[in-house]
Amino acid sequence: LTQDAARPSAPAPATGPALGADVREDVDAGRTLELADLSAVHALDTAGHTAAFSAVQRRGGELARWRSRVDGARQAVAWAFRSVTAEPPSALLDEVLRRLPAQDVGMDLIGDESAPAGPPRDRLRWLKVTALLLLAALVLGVGGWTVWSQFTRSGIVHRIDQSKDLFTTSEYPAQDGGTVQAFLSREQNSGYLTISGMPQLPEGQSYQLWLYPSDGTAPASLGTYDANGFGEPITFRGLDRFAAMGISVEPSSGSEVPTSEPVVGVDLDPTAQTGPRYGGRPSTN
């Protein structure tokens with residue numbers, strides 16, 4: 001990162017010792033804080049980020065400094081690209097309207113004017129009541145569809161599967177058996193995971209799923225599961241905020257942060273060039 005010419009008074013970034021050949025070498029040498037800068041700009045792969053962040057957590061006192069380094073690097077990048085603007089897609093409104101369910105509330109409300117009817121006032125009142133009822137049904141239908149598609153597990157899975165930019169990773173193997181596969185859509189800013197074949201754990205232990213933020217801050221938990229609890233897809237929103245997913249073995253009550261090395265990690269960046277992955281929709285064969 002270079003210092004911006006418009007801010008001559010800003011201190012130059014600190015330079016640390018040269019990094020080793022790989023992340024593990026730097027972790028063993030105690031250079032985890034230097035890795036915070038790389039993590040902030042997404043220069044570490046999933047395994048490297050997990051190893052560095054776990055080392056910082058084990059040392060305890062370095063966690064605040066790690067987050068400070070990540071925030072500093074992120075602010076520097078934001079300042080460097082402060083002049084870059086993004087406009088919302090021009091077809092966004094058309095796309096939202098296209099996804100609304102079709103409703104036919106046309107001339108059927110009026111009926112056949114030649115047919116005999118009651119007094120004019122009664123007929124007008126009846127038309128108003130009918131229109132209000134149909135409008136209420138329309139609002140309830142659209143609202144129900146929106147809630148189903150946005151917040152229910154099956155609705156999120158349906159939206160992702162139907163998205164034009166669906167990206168499907170290959171199956172990531174876990175250490176002691178089992179696989180994880182991710183289905184991602186930047187258009188929907190969501191994803192879901194299918195997990196199968198995970199071995200049974202001893203009593204008192206459970207699998208806990210974690211989403212690792214792109215900015216290197218503490219991971220967010222997706223909950224705890226036993227080996228029989230992965231029958232349904234596990235969905236999440238906010239794909240743009242997360243770089244990776246990992247599964248660790250924790251106490252049955254769960255943990256605030258991972259306390260063990262992940263048994264499997266999945267890169268959640270569809271544009272990444274590392275790791276087993278392929279694009280497009282899942283095969284139906």
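A residue is called buried when its relative accessible area is under 20% and exposed when that area is over 50%. With these terms in hand, the reader may turn to the structure, which is a predicted model.

A convenient place to begin is helix H4, which covers residues 63-80. This helix has 18 residues and spans 26 Å from its first C-alpha to its last, close to the 26 Å expected at 1.5 Å a residue. Three residues of H4 are buried, namely Trp-66, Val-70 and Ala-73. Viewed down the axis of H4, the buried residues fall within an arc of 65°, so they line one face of the helix. The general background is that an α-helix has 3.6 residues a turn, so residues three or four places apart point the same way. On the other side of H4, Ala-64, Arg-65 and Gln-75 are exposed. The cover over the buried residues of H4 includes helix H2 (32-40) and helix H3 (46-59).

Helix H3 also leads to the next part of the structure, an open sheet. Four strands make up this sheet in the order E6-E5-E8-E9, and their pairing is antiparallel. E6 and strand E9 (264-267) stand at the edges with a single partner strand each, so one side of each is left without a neighbour in the sheet. On average, and with direction ignored, neighbouring strands of this sheet are turned by 20° against each other. Within the sheet, E5 and strand E8 (residues 242-251) are joined in the antiparallel sense over nine bridges. Ser-206, for its part, has Glu-250 in E8 as its bridge partner. H3 packs on the sheet, where it touches E5, E8 and E9, and its direction makes about 125° with that of E9.

The aromatic residues remain to be considered. Three aromatic pairs are counted, on the rule that ring centres lie within 6.5 Å. In one of them, the rings of Tyr-207 and Phe-230 have centres 6.1 Å apart and planes at 50°, so this pair is tilted. Tyr-207 belongs to strand E5 (residues 205-213), whereas Phe-230 lies in the loop between strand E6 (220-225) and strand E7 (234-237), so the pair ties together parts that are 23 residues apart in sequence. Tyr-207 and Phe-230 are both buried. Together with Tyr-225, these two residues form one aromatic cluster.

Technical notes
Residues are numbered from 1 along each chain as its sequence is written. This is a predicted model: local features need pLDDT of at least 70, side-chain atom pairs count only at pLDDT 80 or more; totals for chains, interfaces and linings use all residues. Side-chain values use heavy atoms; hydrogens and water are left out. Helices (H or I, at least four residues) and strands (E, at least two) are DSSP runs, numbered from the N terminus. The expected span of a helix is 1.5 Å times one less than its number of residues. Buried means under 20% relative accessible area, exposed over 50%, partly exposed in between (1.4 Å probe, protein chains only). The arc is that of the directions from the helix axis to the C-beta atoms. Contact means heavy atoms within 4.5 Å. Rings of Phe, Tyr and Trp (its six-membered ring) pair if their centres lie within 6.5 Å; planes under 30 degrees apart count as stacked, over 60 as edge-to-face and the rest as tilted. Two strands pair if DSSP finds at least two bridges between them. Axes are lines fitted to C-alpha atoms, for helices over the stretch in contact, and angles run from 0 to 180 degrees between N-to-C directions.
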